[in-house]
Amino acid sequence: MTSTQKRILVAGDVMLDRYWFGEVNRISPEAPVPIVRVERREERLGGAANVARNAVALGVETSLLGVIGEDEAGHNVETLLSEVGIRSYLNHDPSISTIIKLRVIGRQQQLIRIDFEEKPTEQILQDKLSRFNSLIAEHDVIVLSDYAKGSLVNVATMIAHAKSLGKYVLVDPKGSDYSIYQGASLLTPNKSELRQVIGSWKDEADLTKKAQMLRKELDIAALLLTRSEEGMTLFTDEEILHVPAMAREVFDVSGAGDTVIATVAAMLAEGKNLHDAVLIANQAGGIVVGKLGTATVTREELFQKI
């Protein structure tokens, strides 16, 4: 890494994704459910940590700020971060467990997902905010990865401070109140998330009207709507850019939104404009949905396809 290389700071809900893979040969006599004989276990970075993992996979220096518990899962998260070269600035909250999403896979299909999660304590969140404020200056692009798990309660303050220092702030939003994201550079909701905020739309013209109205009300420079098989649409003052989906075969959409926002952040950090960054991110999303589980795209995969 050169001293001139740009850096990304990802802050948000840090998770550990666990996968149990096994054979399914019979139905349980106790209930009408399949019996999975687990043969292999795998752990991956999830949530905001998966966003950071995607950015690092594209060769951009990346830091991660979040909260984990003082437990085995938290230790495993830090080990995985170290293995891929992500700078870890995680706060340890001994009163909670690290967020875990456990997926049981049989015959290449997800049979069940089990979530373990608790909200961080107020003191830990204040410590996290102080650390965020101290880290902003040395990073060029800020990504806030909100999974509504309680790690980003100070998001409005975080955006305001980052913007005051001239940073580009990208937000993967959650919930029905987007006023907390006011002033962000870019929001990246999916269809169901945006529908919670602006309601349904009857056609493209209606969608454009409502999306642009929301964007202007919240003083957000750009809104990137991810639309699964319909691709993506970017709304700004200058343009409405619709990009068709690139995936030839959709295998697993989990983590695709992480890949998209991480790719946009990485391309912006490298000096590309938003229009080009979105085109490249759409390509990355098309690649990653062809992989099982929370996955990443390498520079080689991405740029040999363009």
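The following dialogue examines the fold of a predicted model and the setting of one of its strands.

Student: How does the radius of gyration of the chain compare with the globule rule for 306 residues?

Tutor: The chain contains 9 helices and 13 strands. The globule rule gives 19 Å for 306 residues, and the chain comes close to that value, so it is as compact as a globular protein of that length. The radius of gyration of the chain is 19 Å.

Student: What percentage of contacts between residues at least 6 apart in sequence join residues at least 24 apart?

Tutor: A contact here requires heavy atoms within 4.5 Å. Of the contacts in the chain that link residues at least 6 apart, the share joining residues at least 24 apart is 65%.

Student: Is strand S1 (residues 7-12) largely enclosed or not, and how many of its residues are buried?

Tutor: Buried denotes under 20% relative accessible area. Arg7, Leu9 and Ala11 point one way from S1, while Ile8, Val10 and Gly12 point the other way, and all are buried. Strand S1 is therefore largely enclosed by the rest of the structure, the count of buried residues being 6 of 6.

Student: Which residue of S4 stands opposite Val10?

Tutor: S1 pairs with strand S4 (residues 61-69) in the parallel sense, over 5 bridges. Within S4, the residue opposite Val10 is Leu64.

Student: Which residue of S8 stands opposite Ile8?

Tutor: Strand S8 (residues 141-145) also pairs with S1 in the parallel sense, over 5 bridges. The residue in S8 that stands opposite Ile8 is Val141.

Notes:
Residues numbered from 1 in each chain as written. Predicted model: local features only at pLDDT ≥ 70, side-chain atom pairs only at ≥ 80, totals over all residues. Heavy atoms only, no water. Helix = DSSP H or I, 4+ residues; strand = E, 2+ residues; numbered from the N terminus. Rg over C-alpha atoms; globule rule 2.2 N^0.38 Å. Buried < 20%, exposed > 50% of the residue type's maximum accessible area, 1.4 Å probe, protein only. Pairing = 2+ DSSP bridges.
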